[in-house]
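Here is a short set of exercises to work through with the model open beside you. Try each task yourself before you read the solution.

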Amino acid sequence: MKIAILGGSGAGKTTICRHLGEKLHIPSLHLDSVYWIKDWEHIGKEEFHRYMTNFFVKNKSWAIDGNYMNNEHFKTRLDLADVIIFLDFGTQKSLEGIYKRANSYKHQVRSDMAEGCIEGVDQVFLQYVANYYKYKSKFLTATINKYKNRKQVYIFKNREELYNWYNAL
């Protein structure tokens, strides 16, 4: 099974990806852990694309979390996925998740992030989140709706819906 998990920052993409990987015994890949390298520097698009192409070739099943819509592998990821999950929880729930995560990992590096990528919240990040739900979530919804007749597509509006689905697996 191949599962693509999309959604806003703080929605819980990485958490559900990890849970699905464990429950279904499939590799889980957190795109933030690939994209971000030491001290919040990031790899280039070509290197990112090569990494993802190799990952797709080597793995017959997977759960991948992250959006990265402006990369070549975004469409490939959705084309290859059997299941597409969109965590469409809204700005308020994303901000709650971000602050919860920031408090849990304050001045620390999460296990799914590169060295020196210390958890924190700043104005630039908050603006990104606000714009995400204004613009990017609409694009994501339109994009994944194109797959509804060919794939299992789930758009969850809250964590309760998500975990009811997860627990029924």
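**Exercise 1. Is E72 buried or exposed, and what is its relative accessible area?**

Before the solution, a note on the ground rules. This is a predicted model, in which local features need pLDDT of at least 70 and side-chain atom pairs count only at pLDDT 80 or more, while totals for chains, interfaces and linings use all residues. Residues are numbered from 1 along each chain as its sequence is written, and side-chain values use heavy atoms, with hydrogens and water left out.

Step 1: take the cut-offs, where buried means under 20% relative accessible area, exposed over 50%, and partly exposed in between (1.4 Å probe, protein chains only).
Step 2: E72 has a relative accessible area of 59%, so E72 is exposed.
Step 3: locate E72 in the loop between β5 and α4. Helices (H or I, at least four residues) and strands (E, at least two) are DSSP runs, numbered from the N terminus.
Step 4: for a distance check, E72 and N54 lie 13 Å apart, C-alpha to C-alpha, with their positions 18 residues apart in sequence.

**Exercise 2. Compare the settings of H25 and Y68, two residues with a positive phi.**

Step 1: neither residue is a glycine, yet phi is about 55° at H25 and about 45° at Y68.
Step 2: H25 sits in the loop between α1 (13-24) and β2 (28-30), whereas Y68 belongs to the loop between β5 and α4.
Step 3: H25 is exposed, at 72% relative accessible area, but Y68 is buried, at 14%.

**Exercise 3. Which residues does A4 contact, beyond its neighbours within four places in sequence?**

Step 1: find A4 in strand β1. A4 is buried, with a relative accessible area of 0%.
Step 2: apply the contact rule, heavy atoms within 4.5 Å.
Step 3: the partners are W62, I64, R77, L78, A81, V83, I84 and I85.
Step 4: turn to I84, which touches A4, L6, L78, I144, Y147, K151, Q152, V153 and Y154, again leaving out residues up to four places away in sequence.
Step 5: for a longer view, A4 and Y133 are 129 residues apart along the chain, and their C-alpha atoms are separated by 19 Å.

**Exercise 4. How many residues form the largest nonpolar core, and which elements each supply at least two of them?**

Step 1: recall the general trend that, in soluble globular proteins, nonpolar side chains tend to be buried together.
Step 2: define the core as a set of buried Ala, Val, Leu, Ile, Met, Phe, Trp, Tyr and Cys residues joined through side-chain atoms within 4.5 Å.
Step 3: the largest such core has 26 residues, and L6, F48, I64, L78 and I84 have the most contacts inside it.
Step 4: at least two residues each come from β1 (2-7), α2 (31-35), α3 (45-58), β5 (62-65), α4 (73-80), β6 (83-87) and α6 (123-145).
Step 5: another core, of 16 residues, lies apart from this one and includes I5, C17, L20 and Y166.

**Exercise 5. Describe the protein chain as a whole.**

Step 1: count seven helices and seven strands, in the order β-α-β-α-β-β-α-β-α-β-α-α-β-α.
Step 2: 44% of the 169 residues are buried.
Step 3: of the contacts between residues at least 6 apart in sequence, 72% join residues at least 24 apart.
Step 4: the C-alpha atoms fill a box of roughly 40 × 35 × 30 Å along the principal axes.
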